[in-house]
Amino acid sequence: VQLVESGGGLVQAGGSLRLSCAASGIRIRINAMGWYRQAPGKEREWVGGITTSGSTTYADSVKGRFTISRDNAKNTVYLQMNSLKPEDTAVYYCNTDPSFRSWGQGTQVTVSS
């Protein structure tokens, strides 16, 4: 199983980014998938998840700003992040939800104030 995150970068507060998670060795259409993040000096935290039926849930800190979607044909999960804040700065990862696969390298998101 391999999960490869991409799309991170440096953005100003209020900006947007779209992250992608390309999965191989696992079919996302039969797995609930989630996005997670780890800020410097903090524990990894759950950001949000999407079920096999497409229902989504989010952490309170990102609700209304982040949107998770999936493309089963591409075996890819997305995280659209709008109205970014400096506190969103972290390395972002995808995994199953709950997470039980090995973690990928993640993608760095840095939000400047």
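These exercises work through the fold, the surface and one strand of a predicted model.

**Exercise 1. Fold and compactness**

Task: State how many helices and strands the protein chain has, then judge its compactness from the radius of gyration.

Solution:
- Count the elements. The protein chain holds zero helices and ten strands.
- Now compare sizes. The radius of gyration is 13 Å, close to the 13 Å from the globule rule for 113 residues, so the chain is as compact as a globular protein of that length.
- Add the extents. The C-alpha trace spans about 40 × 25 × 20 Å along its principal axes.

**Exercise 2. Burial, contacts and charge**

Task: Find what share of the 113 residues is buried, and describe the accessible surface and the charges.

Solution:
- Take burial at under 20% relative accessible area. Buried residues are 43% of the 113.
- Check the contacts. Among those with a separation of 6 or more, 54% link residues 24 or more positions apart.
- Turn to the surface. The accessible area is about 5,900 Å², and carbon and sulfur atoms contribute 46% of it.
- Count charges. There are 12 positive and 8 negative side chains, with the centres of the two sets 7 Å apart.

**Exercise 3. Strand S10**

Task: Sort the side chains of S10 (residues 107–112) by face, then identify the partners of Val-109.

Solution:
- Recall the rule. Side chains in a regular strand alternate between the two sheet faces.
- Apply it. Thr-107, Val-109 and Val-111 point to one face and are buried. Gln-108, Thr-110 and Ser-112 point to the other and are not buried.
- Place the neighbours. S2 (residues 9–12) runs parallel to S10, with four bridges. S9 (residues 90–96) runs antiparallel to S10, with three bridges.
- Locate Val-109. Its bridge partner in S2 is Gly-9. Ala-90 also stands opposite Val-109.

Conventions:
Residues numbered from 1 in each chain as written. Predicted model: local features only at pLDDT ≥ 70, side-chain atom pairs only at ≥ 80, totals over all residues. Heavy atoms only, no water. Helix = DSSP H or I, 4+ residues; strand = E, 2+ residues; numbered from the N terminus. Rg over C-alpha atoms; globule rule 2.2 N^0.38 Å. Buried < 20%, exposed > 50% of the residue type's maximum accessible area, 1.4 Å probe, protein only. Contact = heavy atoms within 4.5 Å. Areas by Shrake-Rupley, 256 points an atom, 1.4 Å probe, with all protein chains shown as cover. Lys, Arg positive; Asp, Glu negative; His and termini not counted. Charge placed at Lys NZ, Arg CZ, Asp CG, Glu CD. Pairing = 2+ DSSP bridges.
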